[in-house]
Structure formats: structure tokens, C-alpha cells
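Let's take a walk through this model together, starting at its metal site and then moving out along the fold. Have the viewer open as you read.

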Amino acid sequence: MATVKLSPSILSADFANLGETLRLFEGHPSVGYIHFDIMDGDFVPNISFGAPLVKSLAGKTGLPFDVHMMVTEPARYIEDYVVSGTEFIVVHEEATFHLERTLRQIKSFGVKNGVALNPATPPESLDYILDAVDQVLVMSVNPGFGGQAFIPSSLDKLRTLAKLRDERGLMFKLAVDGGIDRENIKDVIDAGADIVIVGSSILRAEDPEAELLAYDELLGGGQE
Ligand code: DX5
Ligand code: ZN
């Protein structure tokens with residue numbers, strides 16, 4: 001099995017103590033990235049935070065940043081999210097007018113690109129650009145809020161994308177985001193996910209540190 005890493009989302013964190021949240025994620029072998037949920041109140045019905053916050057955390061952790069832009073026409077803002085530590089910038093297929101160009105734009109800054117698919121968007125929508133994508137993010141909730149219930153049809157979509165990746169000999173990471181906890185994480189991994197975004201399951205847990213240790217255990221100590 002390929003190495004599976006968590007990409008914990010800070011969306012459910014106490015924003016007054018974000019430094020502490022970053023420290024919580026460090027030193028856990030299951031954690032591979034920090035996930036930033038950028039919401040514009042237009043593409044999704046909620047506003048979260050923007051580039052100043054991401055910039056203020058640059059250099060404050062050794063963990064790479066995974067930036068999820070839930071923003072209409074994100075091409076306008078890509079450069080703002082290129083900070084030291086940005087590994088992925090992920091845009092939505094449904095929100096990006098010229099997806100192929102935007103994916104190239106992201107790469108031009110030396111950052112890996114990604115495309116997110118809403119629950120209703122078929123994997124076939126990526127047929128002609130899949131070889132230019134570093135991450136495909138399957139949304140397992142409708143984007144906009146943390147703490148929603150996992151949509152089971154996402155498993156099928158993950159399987160389809162994992163199969164396409166194999167058939168075409170591609171290397172993109174397969175990520176999944178929304179409603180994942182220690183109960184259903186095995187299902188998404190079995191379906192082919194290798195980056196698992198987790199928000200409320202860690203940060204709204206009674207003891208987030210204990211929850212992270214349980215994830216470390218579950219992912220086999222995060223072996224390489
Ligand atoms: C939803 C966001 C997710 C969310 C995950 O729009 O993209 O990253 O914060 O949170 P949970 O794990 O609570 O669904
Ligand atoms: Zn997200």
C-alpha cells in the first residue's frame with residue numbers, strides 16, 4: 001500500500017491560537033501536510049480566511065501547506081498563496097474558467113497543482129488534463145463547512161480515479177476531503193486515497209493529541 005498521509009484542516013481550529021494548532025500536528029508520523037480551506041462566500045456559502053493568514057503561518061512549521069481554494073475564478077489569487085512551504089494549490093474544476101491554464105499557472109510558481117471535484121462532478125471531467133495534475137481532490141461533502149456527513153458515493157469516485165491512474169501510469173496523489181473520521185478512514189484508503197483531509201474529527205475531539213496518536217497507530221506509524 002502506498003504511504004497514506006493525513007492533511008489536517010485548520011478550519012475547525014481556535015483561530016486565536018493557530019501557532020498551538022500547528023505545533024499539535026508536528027511530530028506525528030501520520031501527518032504529512034497542513035490543509036488550508038480558503039472560502040470566498042461566492043463559490044461556497046461561507047467565508048473562512050485568506051492569504052494574509054496563510055502567509056503569517058509560513059515558516060512556522062516544517063509541514064508542507066496544502067491550499068484548497070474554494071474560490072470563484074481562483075487564477076486571480078494563485079500567486080498570493082505561494083509562500084515558503086506551499087506544496088499544493090488545489091482549485092475547483094467547477095470554479096475555474098480555464099482549468100488547463102490555471103494548472104500551468106500554479107506550476108509556473110514552482111508549486112504542485114491540484115483539482116478538486118464536488119460530489120456531483122464526474123471524474124471524467126478531468127479526462128483531458130489528468131496527465132497535467134499533481135493531486136485530484138475528491139470532495140466527500142459539499143464544500144463550505146466542516147463537520148458534515150461523509151457522502152458514500154465518493155468511494156466509487158475514488159476507485160474510478162485510482163483505476164484511471166493505474167491504467168494510464170500516472171503519479172497524481174489522490175486526496176479526499178470531508179466527513180472523515182477514524183471509523184471510515186479505512187474505506188477511503190481501500191478505495192485508493194493517499195492524502196486524507198481531516199478537520200473536525202481531530203480538532204473537535206475532546207483530546208486532539210490523543211486522537212492524533214490514534215491516527216498514528218491506525219496508519220501504521222506512517223511508514224514510508
Ligand atoms: C469543507 C472543507 C474541508 C473540511 C473538512 O469545505 O474543504 O476541508 O474542513 O472538515 P471535516 O473533516 O470536519 O469534514
Ligand atoms: Zn478542504
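The zinc ion (ligand 2) is held by His35 through NE2, Asp37 through OD, His68 through ND1 and Asp177 through OD, at 2.0 to 2.3 Å. Donors here are N, O and S atoms within 2.8 Å of the metal (3.2 Å for Na, K and Ca), and since water is not among the atoms, sites may look incomplete. A word on the ground rules: this is a predicted model, in which local features need pLDDT of at least 70 and side-chain atom pairs count only at pLDDT 80 or more, while totals for chains, interfaces and linings use all residues. Residues are numbered from 1 along each chain as its sequence is written, chains are lettered from A and ligands numbered from 1 in the order in which they are written, and side-chain values use heavy atoms, with hydrogens and water left out.

What geometry do the six donor atoms around the zinc ion (ligand 2) make? Their angles span 70 to 168 degrees, which makes the arrangement octahedral; six donors earn that label if opposite donors are over 155 degrees apart and all others lie between 65 and 115. For reference, the ideal angles for six octahedral donors are 90 or 180 degrees.

Along the sequence, the donor residues of the zinc ion (ligand 2) follow the spacing H-x1-D-x30-H-x108-D. Two of them link distant parts of the chain: His35 sits in strand 2 (residues 34–39) and His68 in strand 3 (residues 65–70), 33 residues apart. Strands (E, at least two residues) and helices (H or I, at least four) are DSSP runs, numbered from the N terminus. His35 is buried, with a relative accessible area of 1%, and His68 is buried as well, at 0%. Buried means under 20% relative accessible area with a 1.4 Å probe, protein chains only.

Now for the sheet. Eight strands form an open sheet with parallel pairing, in the order 1-8-7-6-5-4-3-2; strands pair if DSSP finds at least two bridges between them. Strand 1 (5–8) and strand 2 are the edge strands, each pairing on one side only. Direction ignored, neighbouring strands of this sheet are turned by 25 degrees against each other on average.

Start from the strand 2 edge: strand 2 and strand 3 pair in the parallel sense over six bridges, and Ile38 has Met69 in strand 3 as its bridge partner. Five bridges then connect strand 3 with strand 4, again in the parallel sense, with Asp66 opposite Phe88 in strand 4. Six of the seven residues of strand 4 are buried, so this strand is largely enclosed by the rest of the structure. Strand 4, helix 3 and strand 5 make a right-handed β-α-β unit; right-handed means that, with the strands pointing away from the viewer, the path from the first strand over the helix to the second runs clockwise.

Further along, strand 6 (residues 135–139) and strand 7 run parallel, joined by five bridges, and Val138 stands opposite Val176 in strand 7. The chain crosses between these two strands through helix 4 (residues 154–168), in a right-handed β-α-β crossover. Strand 7 (residues 173–177) is mostly covered, with four of its five residues buried. Val176 also has a bridge partner in strand 8, Val196.

Note on methods:
Tetrahedral: all angles 85-135°; square planar, octahedral: opposite > 155°, others 65-115°. Buried < 20%, exposed > 50% of the residue type's maximum accessible area, 1.4 Å probe, protein only. Axes fitted to C-alpha atoms, helices over the stretch in contact; angles between N-to-C directions.
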